[in-house]
Amino acid sequence: KIKRDDNLQISFLAGIGRSYSIQRSNDFKQWDVVEDQITSRDHSFIFPEEHKKRVFVPNEDIGNDWIKLNYNDSNWLEVEGGGVGFSTSIADLLDQYIVVDLEEQMYGSQSSAFIRIPFSVSNLSDIDDLILGVRADDGFVAYLNGHEVASLHAPEPLAWDSKATQSIPDSEAIKIREFSLNDHIDKLVEGENLLAIHALNLSARGSDFLFSCQLGGSKKEAMILRDYPRTGPSNFFRIVR
């Protein structure tokens, strides 16, 4: 308990997804519930959709080194503030998520785009769940530090100029699809990491294209803070799980 003006501040570490009750007493005998069913759900972004990234539309096979962290992508297009793609129509639903237009590089000639998203992790022990959220028209393959971790509508085998195997309506493409990467948390390292994306359009003549993503993780514990007014000369609080 920490006194702040006329309030008492209660702070405690809560396990993610667990429920807690805060109770108060003046005599340690009779306990009144101050707040019940407090649940900590700290789903924070490791990186949001606006995170910096780089994109490249290949016109030949450049191999697979680009999916690894130590690759020189200095000549790739910089992306900041959202996703990549294009639309050949006016007021397309996808437009609001596109900050780098790839129509000139892709329309009529290419159905694949490569995206590199570097990010850092300061403490691996904090991460309990790993969720990739994607807006895609029409497919993708995701690699975490060089390892394939998720895919949607991707052909097998995958080539540098592959097409998506299925289309996604624009009304669905703009919705975040979540892919659990819990089986791949061990691919993360403390410090610098890389999420690489092979984004796929249904056809080189497709009228639009989109890829945007975010990476989220929930921590095993999160700090909960509560302020309560003092109601007597001596208040005692306890946290019950």
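D208 is buried but takes part in no salt bridge. R205, the nearest side chain of opposite charge, is 13 Å away. The model is a predicted one, and the protein in it has two helices and 18 strands. Seven salt bridges occur in the structure, and the notes below set D208 beside some of the residues that do form them, then turn to the sheet and the backbone.

**D208 and its surroundings**

- D208 belongs to strand β16, which covers residues 208-219.
- Beyond its neighbours within four places in sequence, D208 touches F86, S87, D92, L94, D137, D170 and N201.
- D137, one of these contacts, is joined to D138 by a cis peptide bond.
- Side chains of opposite charge can pair when their charged atoms come close.
- For D208 the nearest candidate, R205, stands 13 Å off, and a salt bridge requires a nitrogen of Lys or Arg within 4 Å of a carboxyl oxygen, so the pair does not qualify.

**Salt bridges**

- R54 and E78 form a salt bridge in which the closest N and O atoms are 2.9 Å apart.
- This pair connects distant parts of the chain, with R54 in strand β6 (residues 53-56) and E78 in strand β7 (residues 77-79), 24 residues apart.
- E78 has a relative accessible area of 59%, over the 50% limit, and is therefore classed as exposed.
- A network of salt bridges links R54, D73, E78 and R116.
- K68 and D65 meet through their side chains in a salt bridge, 3.7 Å from N to O.
- Both ends of that bridge are partly exposed: K68 has 46% relative accessibility, and D65 has 45%.
- A salt bridge also joins the side chains of K175 and E172, with 3.1 Å from N to O.
- K175 is partly exposed at a relative accessible area of 45%, and E172 is partly exposed at 33%.

**The six-stranded sheet**

- An open sheet is built from six strands in the order β7-β6-β10-β15-β12-β13, with antiparallel pairing.
- β7 and β13 are the edge strands; each has a single partner, so one side of each lacks a neighbour in the sheet.
- From one strand to the next, the twist averages 25°.
- β6 and β7 run antiparallel and are joined by three bridges.
- In this pairing K53 is opposite V79 of β7.
- The R54–E78 salt bridge likewise has one residue in β6 and the other in β7.

**The loop between β13 and α2**

- S167 is placed in the loop that runs between β13 (147-152) and α2 (170-173).
- With 40% relative accessibility, S167 is partly exposed.
- S167 and L202 are 35 residues apart in sequence, while their C-alpha atoms are 5.9 Å apart in space.
- Apart from neighbours within four places in sequence, S167 has contacts with D138, H153 and L202.
- H153 is located in the loop between β13 and α2 and is buried at 17% relative accessibility.
- H153 is not a glycine, yet its phi is positive, at about 55°.
- P157 is also in the loop between β13 and α2, and the peptide bond leading to P157 from E156 is cis, with omega near 0°.

**Other backbone features**

- Most residues other than glycine have a negative phi, and most peptide bonds are trans.
- The cis bond between D137 and D138 has an omega of about 25°.
- D138 sits in the loop between β11 (127-137) and β12 (139-144).
- F28, a residue other than glycine, has a positive phi near 65°.
- F28 is in the loop between β3 (19-25) and β4 (32-39) and is exposed, with a relative accessible area of 53%.

**Whole protein**

- Of the 241 residues, 45% are buried.
- Among contacts with a separation of 6 or more, 77% involve residues 24 or more positions apart.
- The protein has an accessible surface of about 12,800 Å², and carbon and sulfur atoms contribute 43% of that area.

Note on methods: Residues are numbered from 1 along each chain as its sequence is written. This is a predicted model: local features need pLDDT of at least 70, side-chain atom pairs count only at pLDDT 80 or more; totals for chains, interfaces and linings use all residues. Side-chain values use heavy atoms; hydrogens and water are left out. Helices (H or I, at least four residues) and strands (E, at least two) are DSSP runs, numbered from the N terminus. Buried means under 20% relative accessible area, exposed over 50%, partly exposed in between (1.4 Å probe, protein chains only). Lys and Arg count as positive and Asp and Glu as negative; His and the chain ends are not counted. Contact means heavy atoms within 4.5 Å. Two strands pair if DSSP finds at least two bridges between them. Axes are lines fitted to C-alpha atoms, for helices over the stretch in contact, and angles run from 0 to 180 degrees between N-to-C directions. Accessible areas come from the Shrake-Rupley method with a 1.4 Å probe; for residues, only the protein chains shown count as cover.
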